[in-house]
There are 2 protein chains.
Amino acid sequence: MDVELIAVGTEILLGNIVNTNAAYLAEKCALLGLSLYYQSAVGDNEDRLENALQTALERSSVIILCGGLGPTKDDLTKEVAAKVMEMPLVTDTHTRERIASYFVNSHYKVITENNWKQAQVPKGATVLDNDNGTAPGLILKKNDKVVILLPGPPNELIPMFETAVAPYLREMTPEIICSTMVKICGKGESLVATEIGDMIETQTNPTIAPYAKMGEVHLRVTAKAANSQAANQLMAPIVEELKTRFGTYVYSTLEEETLEASIINLLRVKGLTLTTAESCTGGMLSARLTNVSGGSDVFKQGVVTYCNHSKEKMLGLQETLLLEHGAVSAETAEAMAKCGTLVMESDICVSITGIAGPTGGSKEKPIGLVYIACCYQNHCTVKRFNFKGNRSKVRENAVVNALILLRNCILNS
Amino acid sequence: MDVELIAVGTEILLGNIVNTNAAYLAEKCALLGLSLYYQSAVGDNEDRLENALQTALERSSVIILCGGLGPTKDDLTKEVAAKVMEMPLVTDTHTRERIASYFVNSHYKVITENNWKQAQVPKGATVLDNDNGTAPGLILKKNDKVVILLPGPPNELIPMFETAVAPYLREMTPEIICSTMVKICGKGESLVATEIGDMIETQTNPTIAPYAKMGEVHLRVTAKAANSQAANQLMAPIVEELKTRFGTYVYSTLEEETLEASIINLLRVKGLTLTTAESCTGGMLSARLTNVSGGSDVFKQGVVTYCNHSKEKMLGLQETLLLEHGAVSAETAEAMAKCGTLVMESDICVSITGIAGPTGGSKEKPIGLVYIACCYQNHCTVKRFNFKGNRSKVRENAVVNALILLRNCILNS
């Protein structure tokens, strides 16, 4: 079955936002075994949107439109879809109530008249509740064509796709596609690709597809089969082979398990507590560790010692050490980690200090220079990095490398 | 003049890469005063690509295609464009020499036969040298229609666009486009839209377009004129009117200034120092404040008191207070902020404590319940929120609302 994506929004045509929804939906459709031949983006313009939808309906079976479901006048997706599919808009009482309760619980207490526009739905459409916003999702079905409308904000679109749209699409496809993710950290994409070159060369079913993200490579093993048991049997030997080849670089084979979640689990298994001490990353490391719900039994606290004085006051660093070596130095990183374990009475402390830029660099200590240290039982490992890129890239790189160092430290504990 | 973008590549349709070229080119076209009504993506398939290009030529004057100029068999963009524009491929000696010299200077010393495919160009096309790769860019012009072919990798496409394509397009456009961003925080999108409904209703030039992001609404005022001075004159009264209507809700009229940057500036202007004390957000607030480079003169430090014990140890909270009211309570939020100013010797401390979920909720204290407090000169403001959505949304909402409370506290100081 073939699917087509249309992103709606003048902000996309003006380049104000990157259309990440398209990549997300494309990957999910591929995983569902659906063929996606066209993606497009149109602005908040009735004629052009109608045109795009008509063209899509002529060549594809399922059209997913995202965006343009907001409360304002320029949000037209639902109106155009209702017109093209000839399903007139009617008030949906359930959605009206959901919107009212959404506002009761939000900090915007005023429901303006335009909000009720979102309770209008095409007659006969399936309404998908939005747990993260007011606009409902909608499925319009007529004459073997399906039009699916999803809200534009990714934090609304993604949960709605996962809970309602993916199961709906899965039921429409005859063959089952199953996949397992082998997640690797601390090894570059080219190296990973080279080490499995022979497996990729000869693959038919299952297939292996690498996805790189900062500090990590995810290998998606995908099998087509009549049922999930058969698919799992096809995948098992491939997954085993990948685990053998990459050893402890594999941190998870669970789709949902993030690197930080695997670390929280490791800490729990080993009965260790953790403190973070950050300077240039300003709390990004602790923020990432607390992405994981219910981890306060092992991740106890973090300090963001952003100025020099706070490094002395909160962690007890010596002023002389900071004067002699500077805040960005192996010595300071080590002292931050060591003092972190002592002052905070924690088994492990991981610390980060560096120059994220764009200001503050020098010839001796250029932008991108970052020291990361991890201390366990008074023994410290310190690593020096020279990251490339802008402030945000340097900081994200520092965080993922701190996680990798921390993970190795726990594994060796 | 109207422009249309077509991205070519199966990797886009499979969701393996995010189409950032589209956002880049769209923004650049908007700034050049070109109207962009359609974007699309197609795979490396001859028929569908030909189809997409034909459709684009019927409705737009300039078509920019990116990707599919590589040396392999599945790279078809140039071949299809040459066919559609009826400009047969011929060998371009200059490009052949450039490719040869590129290989001499690169670490890949072997020129394979398929590389010479890249020296074939449509007869009569303008060749754009590629300083960062082998594939040349191409401009095909015929019967008032222009087709521009650019290489897919952003590090080849961007320099080529800046140096060759932007000047070419600028010569084709008589008018220029300027815009100013009016950035508002603490007011919902619907309410903002309602309050400027009359202005949007009657707008022609300049226009106002609202963009919502969490806790913020950005109003982009855009004017078309013969030159930038005339455009600025058109925009000035509109920007003034928006500033009057939204008063202190407007935090900036600078395109690049983020909410956190405006707060760091405010602190500096008022000569105040800041500490953050976070529980459920785990450092996300301090991470956001440290997005701003060089802010350590005002943002001194943050604590992430993730477990109860660390709230006592690091901030000096009373165990009895935590036992009586619980970690998620107005009393605890207030104590965290107050103790934050005292223990850390800081002028202001903003604190967050809440239940981000998906675990840890109860009937009395449901998931999404968050208390945010801000303390200045021993005076505390505490706010209670019931955020909707998943863990990440609850946490992001908490952070932006803490920033808004903090900003109001500084403004009233």
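## Strand pairing

Two strands are taken to pair if DSSP finds at least two bridges between them. In this predicted model, strand 7 (residues 137-142) and strand 8 (residues 145-150) of chain A run antiparallel and are joined by 5 bridges. Within this pair, Lys142(A) stands opposite Lys145(A) of strand 8.

## The sheet across both chains

Strands 7 and 8 of chain A belong to an open sheet of 12 strands with mixed pairing. Its order is 6(A)-7(A)-8(A)-3(A)-1(A)-2(A)-2(B)-1(B)-3(B)-8(B)-7(B)-6(B). At the edges lie strand 6 (126-128) of chain A and strand 6 (126-128) of chain B, each of which pairs on one side only. Neighbouring strands of the sheet are turned against each other by 15 degrees on average, direction ignored.

## Helices packed on the sheet

Helix 3 (residues 46-59) of chain A packs on the sheet, where it touches strands 1 (2-8), 2 (35-42), 3 (62-66) and 8 of chain A, along with strand 2 (35-42) of chain B. The direction of this helix makes about 170 degrees with that of strand 1 of chain A.

Helix 3 (residues 46-59) of chain B also packs on the sheet, touching strands 1 (2-8), 2, 3 (62-66) and 8 (145-150) of chain B together with strand 2 of chain A. Its direction makes about 170 degrees with that of strand 1 of chain B.

## Chain A as a whole

Chain A contains 15 helices and 17 strands, and its C-alpha trace spans about 75 × 55 × 40 Å along the principal axes. Of its 413 residues, 48% are buried. Among contacts in chain A with a separation of 6 or more, 65% are between residues 24 or more positions apart.

Definitions and conventions
Residues are numbered from 1 along each chain as its sequence is written. Chains are lettered from A and ligands numbered from 1 in the order in which they are written. This is a predicted model: local features need pLDDT of at least 70, side-chain atom pairs count only at pLDDT 80 or more; totals for chains, interfaces and linings use all residues. Helices (H or I, at least four residues) and strands (E, at least two) are DSSP runs, numbered from the N terminus. Axes are lines fitted to C-alpha atoms, for helices over the stretch in contact, and angles run from 0 to 180 degrees between N-to-C directions. Two residues are in contact if their C-beta atoms, placed from the backbone, lie within 7 Å. A residue is buried if 20 or more other C-beta atoms lie within 10 Å of its own, exposed if 12 or fewer, and partly exposed in between; C-beta atoms are placed from the backbone.
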